[in-house]
Amino acid sequence: MRHAYSVDTVRAAEAELMAELPEGALMQRAAAGLAAAVAGLLPRVSGARVVLLVGSGDNGGDALYAGARLARRGAGVSAVPLAPDRVHRGGLAALRAAGGRVAEDPFAVLAVADVVLDGITGIGGQGGLRPDAVPLARAARGSGAAVVAVDLPSGVEADTGEVKGEAVRADATVTFGTYKPGLLVDPAHEYAGAVRLVDIGLGPRLPSVPDLEALQHADVASLLPVPTAESDKYRRGVVGVVAGSARYPGAAVLAVAGAVHGGAGAVRYVGPGADAVIARFPDVLVHGWPPSRAGRVQAWVVGPGLGDGPGVAEVLESDVPVLVDADGLRGLDPDTVRARSAPTLLTPHAGEAAVLLGVERGEVEAARLGSVRALAAKYGATVLLKGSTTLVADADTRRPVRVNPTGTSWLATAGSGDVLSGLAGSLLAAGLEPLDAASAAAYLHGLAARLASEGAPVTAQEVAGAIPRAWRDTRTP
């Protein structure tokens, strides 16, 4: 599990640790890790040309001390202080003592750099880059050098993942002590490149409950249900699917496909797509209207391709977990959801989330973390916000938000959300709580898309078919 913490939490942990260490020791730890990471990017350190973009805070100090270490190994290191009168004095002295220098012409050294270290602003930066830093950031990006962000790309918001102005686009980020939310959540995540975590000793001083967490293979494997010798279809979970319409019959097939491949003991289908569903999946149990007459289920999925058809109100009246997606989200009443006795999982994309929140889609996409938290609070439900980084916020908003690390742009294809709904519904029926069901489903869904695509276009049906492979892969050491 990867954990991310807010700026205030990180600073409190750093202050506690610094009180126990000799002065400057924590910065030296960070600088040593940063220098080692940079050295690993170079064919050889000796003779490499390294440029440091140095701001006025400790972030600039980290870059300067790391530059000094690289200079002692034979690299040609040039510093570009953005505020020369406020540069970290100890770091600058160390760089000069090691043979580094302050660049007379910043753009000239950037043009021939092998590596550029972005030490302009740290985790406390707000509102994008200052105007004087923008030309340097653009020159670094256009130089062909590898751009390495120090702790966080300058100009992105550490706590929210928002990018409110121009920011450094890094090829890699070396972050210290713990992940910051902005490194895991888009749009800032796109600016971070490959992220490497350097341990500086903060772990024991961080709270047990993070602000954000990302599951890994082992975490997902521990959540996935495995039948025992005593299992039958009811113990494994029966999921009901209300989906599809005359206009969107394929949505029914795809949602059912996700449920079937998601390990449900049985799938019951209610809707106008019965013929298409049974032709594709003869093991699915099809029923006539209404859903309440379909027989025993442990969870419902409602909404994919439903159009203006009925079903949402009837399913929400049930006393089992309900996943609401797509057309089922239109006009969804917060009071009705909050009054349910059983859990509810909502799975909107950014456009649907914007309607539910009464804002523009761009606001959701720019502030994904805040939006998913706001939806969970408004509806008293677990919310899976689909998108470039899929986020899951629990109905208990005190719990960490989960971010899915397996997403791929190949999932931007018609019907992939229907497959995800069926998959998550099957895990709900198996007894997983909504946060775990949504998180595990998003992980498997993204992994299945990667396996199915292998870098080429993929259909939602192919994604559904690859879910069992993704399931197996999570168990591979």
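**Group meeting: sheet, cores and backbone details**

Let me start with the sheet: seven strands form an open sheet in the order β4-β3-β2-β5-β6-β7-β8, and the pairing is parallel. The strands at the edges are β4, residues 101–102, and β8, residues 194–198, and each has a single partner strand, so one side of each is left without a neighbour in the sheet. Please keep in mind throughout that this is a predicted model.

Staying at the β4 edge for a moment, β4 is joined to β3, which covers residues 76–81, by two bridges, and the two strands run parallel. If you would like to find this pairing on the screen, look for A79, whose bridge partner in β4 is V102.

Now to the nonpolar cores. The largest of them has 55 residues, and those with the most contacts inside it are V241, V256, V267, Y269 and L427. Several elements give two or more residues to this core, among them β10 (238–242), α11 (249–261), β11 (266–270) and α18 (416–429), while α19 gives the most, with twelve residues. To take V267 as an example, and leaving aside its neighbours within four places in sequence, this residue is in contact with V239, V241, V256, A259, V260, V284 and L285. There is also a second, separate core, made up of 53 residues, which includes V50, V148, A158 and L206.

I would like to turn next to the backbone, beginning with phi. D151, which is not a glycine, has a positive phi of about 75°, and D151 sits in the loop between β6 (146–150) and β7 (172–176). Is D151 buried or exposed? With a relative accessibility of 7%, which is under the 20% cut-off, D151 counts as buried. The other residue to mention here is E454, again not a glycine, with a positive phi near 45°; E454 is placed in the loop between α19 (434–453) and α20 (460–473). In this case the relative accessibility is 66%, and therefore E454 counts as exposed, the cut-off for that class being over 50%.

Finally, the cis peptide bonds. One of them runs from D186 to P187, with omega near 10°, and P187 belongs to the loop between α7 (181–184) and α8 (188–192). Another joins W289 and P290, with omega at about 0°, and P290 is found in the loop between β12 (285–287) and β13 (299–302).

Definitions and conventions:
Residues numbered from 1 in each chain as written. Predicted model: local features only at pLDDT ≥ 70, side-chain atom pairs only at ≥ 80, totals over all residues. Heavy atoms only, no water. Helix = DSSP H or I, 4+ residues; strand = E, 2+ residues; numbered from the N terminus. Buried < 20%, exposed > 50% of the residue type's maximum accessible area, 1.4 Å probe, protein only. Core = buried A, V, L, I, M, F, W, Y, C linked by side-chain atoms within 4.5 Å. Contact = heavy atoms within 4.5 Å. Pairing = 2+ DSSP bridges.
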